[in-house]
Amino acid sequence: YKPVQKKLLNLPNRDQLAKMIEHIRLTAGKGRIAADLVEGLAYSGLRLNEAANLTWQDLDMQRMVMHVAGTKTGEAVRTIPMVPAFHE
């Protein structure tokens, strides 16, 4: 068996992310909506399918956590802490 190689992630830093989101937000058409999606995914760590299926009932604002149903099996629920930027 060939060993699994880890993918090298080249993620933007905080300032670069803010500039990217602002650039998307200023784009004509659905730029504001797209920017909100990018920002939400970045601050939550959710996958696109997970975010699409998220409901208000999944957010526990008192404990600052999200209960996210798994995408592969519905029973695989994860509890993810909300970072302050996502909570805002």
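This passage describes the overall architecture of the protein and then the surroundings of helix H2, as seen in a predicted model.

The protein contains four helices and three strands, and from the N terminus on these elements follow the order α-α-α-β-β-β-α. For 88 residues, a compact globule would be expected to have a radius of gyration near 12 Å, whereas the value computed for the protein is 16 Å. The C-alpha trace extends over about 45 × 40 × 25 Å along its principal axes. Of the 88 residues, 17% count as buried, and, among contacts between residues at least 6 apart in sequence, 18% join residues at least 24 apart.

The exposed surface of the protein amounts to about 7600 Å², of which carbon and sulfur atoms supply 57%. With regard to charge, the protein carries 12 positive and 9 negative charges, and the mean positions of the two sets lie 10 Å apart.

Helix H2 comprises the 14 residues 31–44, and because a rise of 1.5 Å a residue leads to an expected span of 20 Å, the separation of 20 Å between its end C-alpha atoms agrees with that expectation. The buried residues of H2 are Gly31, Ala35 and Ser44, and the cover over these residues includes helix H1 (14–25) and helix H4 (84–87), together with strand S2 (65–68) and strand S3 (78–81). After H2 comes glycine 45, for which phi is positive, with a value near 80 degrees.

How values were computed
Residues are numbered from 1 along each chain as its sequence is written. This is a predicted model: local features need pLDDT of at least 70, side-chain atom pairs count only at pLDDT 80 or more; totals for chains, interfaces and linings use all residues. Side-chain values use heavy atoms; hydrogens and water are left out. Helices (H or I, at least four residues) and strands (E, at least two) are DSSP runs, numbered from the N terminus. The expected span of a helix is 1.5 Å times one less than its number of residues. Buried means under 20% relative accessible area, exposed over 50%, partly exposed in between (1.4 Å probe, protein chains only). Contact means heavy atoms within 4.5 Å. The radius of gyration is taken over C-alpha atoms; the globule rule is 2.2 Å times the number of residues to the power 0.38. Accessible areas come from the Shrake-Rupley method with a 1.4 Å probe; for residues, only the protein chains shown count as cover. Lys and Arg count as positive and Asp and Glu as negative; His and the chain ends are not counted. The place of a charge is taken as NZ of Lys, CZ of Arg, CG of Asp or CD of Glu.
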